[in-house]
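Thanks for coming. Please have a look at the sequence and the model on the screen before I start.

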Amino acid sequence: ACATNSVIQCPTDAPCDIDCIGESTCQNSDMYCPATQPCDIVCHGEKACGVSGANSVIHQLAPSTGTLNISCASGSQASCQSIDVTCPNKPGGCNIDCDGHTACQSINLKRPTVGIEDGGALTLR
(Lines give C-alpha, C1' and ligand atoms only; values in the text may rest on other atoms or scores of the structure.)
Protein backbone atom coordinates (compact mmCIF):
# COMPACT_ATOMS: atom_id res chain seq x y z
CA ALA A 1 0.00 0.00 0.00
CA CYS A 2 1.01 3.57 -0.46
CA ALA A 3 -0.09 7.10 0.27
CA THR A 4 0.40 10.47 -1.34
CA ASN A 5 3.70 12.14 -0.38
CA SER A 6 5.14 8.95 1.09
CA VAL A 7 8.51 7.22 1.01
CA ILE A 8 8.39 3.51 0.19
CA GLN A 9 11.59 1.70 1.08
CA CYS A 10 11.70 -1.87 -0.23
CA PRO A 11 13.95 -4.46 1.42
CA THR A 12 17.37 -4.37 -0.21
CA ASP A 13 17.53 -8.10 -1.00
CA ALA A 14 13.94 -9.35 -1.33
CA PRO A 15 11.33 -8.98 -4.07
CA CYS A 16 9.07 -5.97 -3.59
CA ASP A 17 5.49 -5.21 -4.63
CA ILE A 18 4.14 -1.68 -4.46
CA ASP A 19 0.42 -1.35 -5.15
CA CYS A 20 -1.01 2.07 -5.95
CA ILE A 21 -4.66 1.34 -6.67
CA GLY A 22 -7.16 4.15 -6.78
CA GLU A 23 -7.19 7.80 -7.79
CA SER A 24 -4.08 9.79 -6.79
CA THR A 25 -2.96 7.00 -4.40
CA CYS A 26 0.82 7.33 -4.74
CA GLN A 27 1.28 10.83 -6.09
CA ASN A 28 4.46 12.65 -5.14
CA SER A 29 6.03 9.57 -3.55
CA ASP A 30 9.60 8.25 -3.52
CA MET A 31 9.90 4.51 -4.15
CA TYR A 32 13.18 2.69 -3.53
CA CYS A 33 13.44 -0.63 -5.36
CA PRO A 34 15.60 -3.56 -4.15
CA ALA A 35 19.24 -3.73 -5.21
CA THR A 36 19.14 -7.19 -6.79
CA GLN A 37 15.52 -8.39 -6.74
CA PRO A 38 12.34 -7.77 -8.76
CA CYS A 39 10.39 -4.60 -8.12
CA ASP A 40 6.76 -4.71 -9.25
CA ILE A 41 4.81 -1.47 -9.15
CA VAL A 42 1.12 -1.29 -9.99
CA CYS A 43 -0.37 2.13 -10.76
CA HIS A 44 -4.07 1.58 -11.45
CA GLY A 45 -6.31 4.59 -11.11
CA GLU A 46 -6.50 8.12 -12.42
CA LYS A 47 -3.20 9.90 -11.66
CA ALA A 48 -2.35 6.97 -9.36
CA CYS A 49 1.42 7.39 -9.51
CA GLY A 50 1.78 10.86 -10.80
CA VAL A 51 0.68 13.97 -12.49
CA SER A 52 2.73 16.93 -13.59
CA GLY A 53 4.02 18.69 -10.48
CA ALA A 54 3.22 15.77 -8.16
CA ASN A 55 4.97 12.86 -9.82
CA SER A 56 6.39 9.80 -8.09
CA VAL A 57 10.10 9.06 -8.33
CA ILE A 58 11.30 5.46 -8.64
CA HIS A 59 14.86 4.87 -7.45
CA GLN A 60 17.19 1.90 -7.81
CA LEU A 61 19.49 0.79 -5.00
CA ALA A 62 23.03 -0.15 -6.10
CA PRO A 63 24.13 -2.37 -7.74
CA SER A 64 20.72 -2.18 -9.41
CA THR A 65 20.70 -5.65 -10.99
CA GLY A 66 17.06 -6.55 -10.36
CA THR A 67 14.12 -6.09 -12.67
CA LEU A 68 11.57 -3.30 -12.65
CA ASN A 69 8.01 -3.89 -13.84
CA ILE A 70 5.56 -1.01 -13.80
CA SER A 71 1.93 -1.48 -14.76
CA CYS A 72 0.29 1.82 -15.71
CA ALA A 73 -2.88 0.14 -16.76
CA SER A 74 -6.50 -0.80 -16.23
CA GLY A 75 -7.45 1.89 -18.70
CA SER A 76 -7.16 4.72 -16.21
CA GLN A 77 -6.29 8.21 -17.33
CA ALA A 78 -2.81 9.57 -16.56
CA SER A 79 -1.98 6.66 -14.23
CA CYS A 80 1.79 7.19 -14.54
CA GLN A 81 1.91 10.70 -15.92
CA SER A 82 5.25 12.47 -15.46
CA ILE A 83 6.75 9.73 -13.27
CA ASP A 84 10.53 9.78 -12.90
CA VAL A 85 11.96 6.29 -13.41
CA THR A 86 15.51 5.05 -12.98
CA CYS A 87 15.75 1.69 -14.76
CA PRO A 88 17.96 -1.15 -13.46
CA ASN A 89 21.20 -2.15 -15.14
CA LYS A 90 20.01 -5.69 -15.85
CA PRO A 91 19.49 -6.43 -19.57
CA GLY A 92 15.78 -6.57 -20.23
CA GLY A 93 15.18 -5.42 -16.70
CA CYS A 94 12.95 -2.40 -17.29
CA ASN A 95 9.38 -3.10 -18.38
CA ILE A 96 6.64 -0.49 -18.40
CA ASP A 97 3.07 -1.19 -19.52
CA CYS A 98 1.08 1.86 -20.54
CA ASP A 99 -2.61 1.14 -21.03
CA GLY A 100 -4.95 4.09 -20.80
CA HIS A 101 -5.36 7.66 -21.98
CA THR A 102 -2.11 9.61 -21.36
CA ALA A 103 -1.01 6.76 -19.06
CA CYS A 104 2.70 7.38 -19.58
CA GLN A 105 2.67 10.94 -20.84
CA SER A 106 5.84 12.90 -20.06
CA ILE A 107 7.56 10.15 -18.09
CA ASN A 108 11.28 10.65 -17.48
CA LEU A 109 13.40 7.52 -17.97
CA LYS A 110 16.96 7.30 -16.68
CA ARG A 111 19.67 4.68 -16.33
CA PRO A 112 21.75 4.32 -13.18
CA THR A 113 24.99 6.26 -13.53
CA VAL A 114 27.15 3.73 -11.69
CA GLY A 115 28.25 0.34 -12.98
CA ILE A 116 26.62 0.37 -16.38
CA GLU A 117 27.99 -2.58 -18.32
CA ASP A 118 25.87 -2.98 -21.40
CA GLY A 119 22.99 -0.56 -21.06
CA GLY A 120 20.37 -3.30 -20.76
CA ALA A 121 17.06 -3.04 -22.54
CA LEU A 122 13.82 -1.21 -22.04
CA THR A 123 10.40 -2.56 -22.96
CA LEU A 124 7.71 0.07 -23.21
CA ARG A 125 4.28 -1.18 -24.21
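I will go through the sheet, then one strand and the loop before it, then the disulfides.

First, the ground rules. This is a predicted model, in which local features need pLDDT of at least 70, side-chain atom pairs count only at pLDDT 80 or more, and totals for chains, interfaces and linings use all residues. Residues are numbered from 1 along each chain as its sequence is written, and side-chain values use heavy atoms, with hydrogens and water left out.

Let's begin with the sheet. Strands here are DSSP runs of type E with at least two residues, numbered from the N terminus. Two strands count as paired if DSSP finds at least two bridges between them. In what order do the strands of the open sheet lie? There are 5 strands, in the order E1-E3-E5-E7-E9, and the pairing is parallel. E1 and E9, the latter covering residues 108–110, stand at the edges with a single partner strand each, so one side of each has no neighbour in the sheet. From one strand to the next the twist averages 15 degrees; for such angles, axes are lines fitted to C-alpha atoms, and the angles run from 0 to 180 degrees between N-to-C directions.

Now look at E3. On one side, E3 is joined to E1, residues 7–9, by 3 bridges, and the two run parallel. Asp30 in E3 is the bridge partner of Val7, and Met31 is the bridge partner of Ile8. E3 also pairs with E5, residues 57–60, over 4 bridges, again in the parallel sense. There, Asp30 stands opposite Val57. Asp30 therefore appears in both pairings, with Val7 and with Val57.

Next, the side chains. In a regular strand the side chains alternate between the two faces of the sheet. Which residues of E3 point to the buried face, and which to the other? Met31 and Cys33 point to one face and are buried, whereas Asp30 and Tyr32 point to the other and are not. Buried means under 20% relative accessible area, exposed means over 50%, and partly exposed is in between, with a 1.4 Å probe and protein chains only.

Just before E3 comes Ser29, in the loop between E2 (16–21) and E3 (30–33). Its relative accessibility is 1%, so Ser29 counts as buried. The Ser29 side chain reaches the backbone oxygen of Cys26 at 3.1 Å.

Last, the disulfides. A disulfide is a covalent bond between the sulfur atoms of two cysteines. The rule used here is a pair of cysteine sulfur atoms within 2.5 Å. How many disulfides does this rule give? The count is 7, and I will show some of them.

One joins Cys72 to Cys80, with an S to S distance of 2.0 Å. Its torsion about the S-S bond is about -90 degrees, so this disulfide is left-handed. Cys72 and Cys80 are both buried.

Another joins Cys87 to Cys94, also with S to S at 2.0 Å. The torsion for Cys87 and Cys94 is about -55 degrees, which makes the disulfide left-handed. Cys87 is buried at 3% relative accessibility, and Cys94 is buried at 1%.

Then there is Cys98 with Cys104, their sulfur atoms 2.0 Å apart. That disulfide is left-handed too, because its torsion is about -90 degrees. Here Cys98 is partly exposed at 25%, while Cys104 is buried at 16%.

That is where I stop.

Methods
Polar contact = N/O pair within 3.5 Å; in protein donor to acceptor, adjacent residues only side chain to side chain.
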